[in-house]
Amino acid sequence: DALSERQVMFYFSDEKVGDIVASFGWDGRILGAKGDYLHVVDANLGSLKSDPAINRSISYTVEPTEEGELQATASVTYEHTADFDWKTTRYRTYTRIYVPQGSTLVSADGNEEELAITDEHGKTVFGTFISIEPLDTETLSFTYILPEELTQQIFADEYRLLIQKQAGTRAHDLELDITLPYKINVITPSDVFDKGGNQIKGTWDLSQDREVLLQPK
C-alpha cells in the first residue's frame, strides 16, 4: 500500500535493479503518458510543520473551444485548518503543475507572482508562488490549451488521462469534469463517473496515481 500510494520510493545504483523498480512505478520519476497528463507538486517554502494543517483539493476540467481546441483548467484549493503556533505558520508554497508538453497557457488566477513556464521530463511546467494564511482558503488555477497533436489524437480515437500523485502527500480530493466533441460510450473506471452524452463528472481521491479512459465506442 505504501508503494502504490507513493509513501515509499526506491533508488538503486545498479541499473538493472533500477529498471525493475521503475517498471513498477516505485522510483518516483515523472511518468510518461500516452494522452493527457496532470501532476501537481507543492514545495513548502515556509519551514516549520504547516503541511499537516493543509487540506488540498484538485479540480480538473477539459472542454472543447469554438476554435476546435481542447481547453483544460487545473485548480488547487488550499484550506489552512490551523492558527499560528510554535509549529505552524502561513503556508508558503511554490506550486508547479506538469502538463502535456506543448500546452499553451491562457491564464492563471490566485498566483502572487509571475508564472515561470519551462519544459522538463517531457512535460510543460507552469510554476508560481502562493501563500495561505492560517484559517484561510485560497485557490490557484491554471487554464491552458492542450497541444494540437494530442487534441487531434483525442478527436480521432479516445481520451486518456493520467493524474500522478505527488510522493509523500495525503489523498487529496479530486474532482473531474471532462467534455469531449463526441458521445462517450465507454468509461474506465465505470463506477466513479456520472455520464451524460459527451460529458462525464466525478469525485475521486488522489490516494494513488489515477487513470481515466473515455471512448466513443
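**Exercise 1.** In this predicted model, which residues does Y159 touch, leaving out those up to four places away in sequence?

*Solution.* Start at Y159 and look for heavy atoms within 4.5 Å. Skip residues up to four places away in sequence. The contacts are D36, Y60, V62, I154, I178, L180, Y182, V212, L213 and L214.

**Exercise 2.** Find the residues that touch the most other members of the largest nonpolar core.

*Solution.* The core has 41 residues. Y159 is one of those with the most contacts to other members. The others in this group are L38, Y60, I97, Y144, L176 and L214. Next, ask which strand gives the largest share of this core. That is β3, residues 70–80, with five residues. Another core lies apart from this one. That core has seven residues, including I30, Y37, V41 and V125.

**Exercise 3.** Describe the largest cavity and its lining.

*Solution.* First, count. One cavity reaches 30 Å³ or more. Second, take the volume of the largest cavity: about 40 Å³. Third, list the lining: L38, H39, V40, I58, I163, Q164, Q166, H172 and L206. Fourth, sort by class. Five are nonpolar, four are polar and none is charged. Fifth, trace the strands. β1 (36–44) and β9 (159–164) each give at least two lining residues. β1 gives the largest share, three residues.

**Exercise 4.** Which residue caps the N-terminal end of helix α1, and what follows the helix?

*Solution.* Helix α1 covers residues 15–23. D14 is the cap. A side-chain oxygen of D14 lies 2.9 Å from the backbone nitrogen of K16. After α1 comes G25, with a positive phi near 75°.

Terms used. Residues numbered from 1 in each chain as written. Predicted model: local features only at pLDDT ≥ 70, side-chain atom pairs only at ≥ 80, totals over all residues. Heavy atoms only, no water. 1 Å grid on protein atoms, 1.4 Å probe; cavity = no way out; pocket = protein on both sides within 12 Å on 5 of 7 lines; lining within 4 Å. Points joined across faces, edges and corners; volume = space filled by probe spheres on them. Helix = DSSP H or I, 4+ residues; strand = E, 2+ residues; numbered from the N terminus. Nonpolar A, V, L, I, M, F, W, Y, C, P; charged D, E, K, R; others polar. Polar contact = N/O pair within 3.5 Å; in protein donor to acceptor, adjacent residues only side chain to side chain. Core = buried A, V, L, I, M, F, W, Y, C linked by side-chain atoms within 4.5 Å. Buried < 20%, exposed > 50% of the residue type's maximum accessible area, 1.4 Å probe, protein only.
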